[in-house]
Amino acid sequence: MTPIASRPFRNISPFSCLSRQRESVMAVKSAEKAIAASLDAVREDARDCTRCDLYRNATQTVFGEGGSDARVVFVGEQPGDKEDLEGRPFIGPAGRLFDSILEEVGIDRTKTYVTNAVKHFKFEPRGKRRIHSKPNAGEIRACRWWLDHELALIRPDVAVALGATAARALTGKPVPITKFRGTIVQSEEGVPVLITVHPSYLLRIPDPMDKETERRRFLEDMRKVKAHMKG
Ligand code: URA
């Protein structure tokens, strides 16, 4: 056995390597904390957003929800009636269907980030009801400011465009969903974006067999999303 004194690197304590490891773990942790704090600050700024006129009639800004360390960012269209009242994305009927599909594929929603292309509810009043109205290109562009910040801070492995509004927001141009469904395109900043339908589309299909077929296709898309999540 080589005497300790003549071993190469004898002056380097085995603990110095451990302490370097610990230092780099601490550096990563503090960077993660800083990112989470920045995301909180952006969320706070978005409360007073007046970048387009939608804030005038909506109850509140519905910002994205989830950890800044999420490996996937799901992007919907805009908050619905329930989301507008409660201030959280995807908690209404489409959100419940979305949750059940994520569960079926084994994606833990608490480990994802869920947001919308447009962060104020756009609607037409009809009697006592508020009927969803599609955001226009100007509103999508104005709200891109917030989505850009969310993506730049989270830097996910993959973003998912749930429907045409989200696909437009992420790529900056109209995307025909039927043609690109299930494929990966690049966002303007180079984030891979999987294109799929919005879960509310599944809710609107009247025929049970067609509904089931579309549900399975959506499940397939979510399996692709899972395969793209590296963490
Ligand atoms: N539909 C969306 O696109 N987003 C929500 O948050 C709810 C419904």
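**Exercise 1.** In this predicted model, find what lies 2.7 Å from a nitrogen atom of the ligand, and list the backbone partners of the ligand's oxygen atoms.

*Solution.*
Step 1. Start with the nitrogen: an N or O atom in the side chain of N116 is 2.7 Å from a nitrogen atom of the ligand.
Step 2. Turn to the oxygens. A backbone N or O atom of E77 lies 2.7 Å from a ligand oxygen, and a polar backbone atom of F90 is 2.8 Å from an oxygen atom of the ligand.
Step 3. Apply the cut-off for a polar contact, a pair of N or O atoms within 3.5 Å. The N116 pair meets it.

**Exercise 2.** Determine how much of the ligand the protein buries, and where the ligand sits.

*Solution.*
Step 1. The ligand taken alone exposes 230 Å², of which the protein buries 92%.
Step 2. Its location is the largest pocket.
Step 3. The surrounding residues are G76, E77, Q78, P79, G80, E83, P89, F90, N116 and H198.
Step 4. Sorted by class, this shell holds three nonpolar, five polar and two charged residues.

**Exercise 3.** Decide how many disulfides the structure has, and whether C49 and C52 are buried or exposed.

*Solution.*
Step 1. A search of the whole structure gives zero disulfides.
Step 2. For C49, the nearest cysteine sulfur belongs to C143, at 5.9 Å. For C52, the nearest cysteine sulfur is also that of C143, at 6.4 Å.
Step 3. A disulfide needs two cysteine sulfur atoms within 2.5 Å, so neither C49 nor C52 is in one.
Step 4. Buried means under 20% relative accessible area. C49 has 10% and is therefore buried; C52, at 19%, is buried as well.

How values were computed
Residues are numbered from 1 along each chain as its sequence is written. This is a predicted model: local features need pLDDT of at least 70, side-chain atom pairs count only at pLDDT 80 or more; totals for chains, interfaces and linings use all residues. Side-chain values use heavy atoms; hydrogens and water are left out. Buried means under 20% relative accessible area, exposed over 50%, partly exposed in between (1.4 Å probe, protein chains only). A residue is near a molecule or strand if one of its heavy atoms lies within 4 Å of it. A polar contact is a pair of N or O atoms within 3.5 Å; within protein, one must be able to donate a hydrogen and the other to accept it, and residues adjacent in sequence count only if both atoms are side-chain atoms. Accessible areas come from the Shrake-Rupley method with a 1.4 Å probe; for residues, only the protein chains shown count as cover. On a 1 Å grid over the protein atoms alone, a cavity is a set of points where a 1.4 Å probe fits but cannot get out, and a pocket is an open set with protein on both sides within 12 Å along at least five of seven lines; lining residues have an atom within 4 Å of a point. A molecule sits in a cavity or pocket if more than half of its atoms lie within 2 Å of its grid points. Ala, Val, Leu, Ile, Met, Phe, Trp, Tyr, Cys and Pro count as nonpolar, Asp, Glu, Lys and Arg as charged, and the others, Gly among them, as polar.
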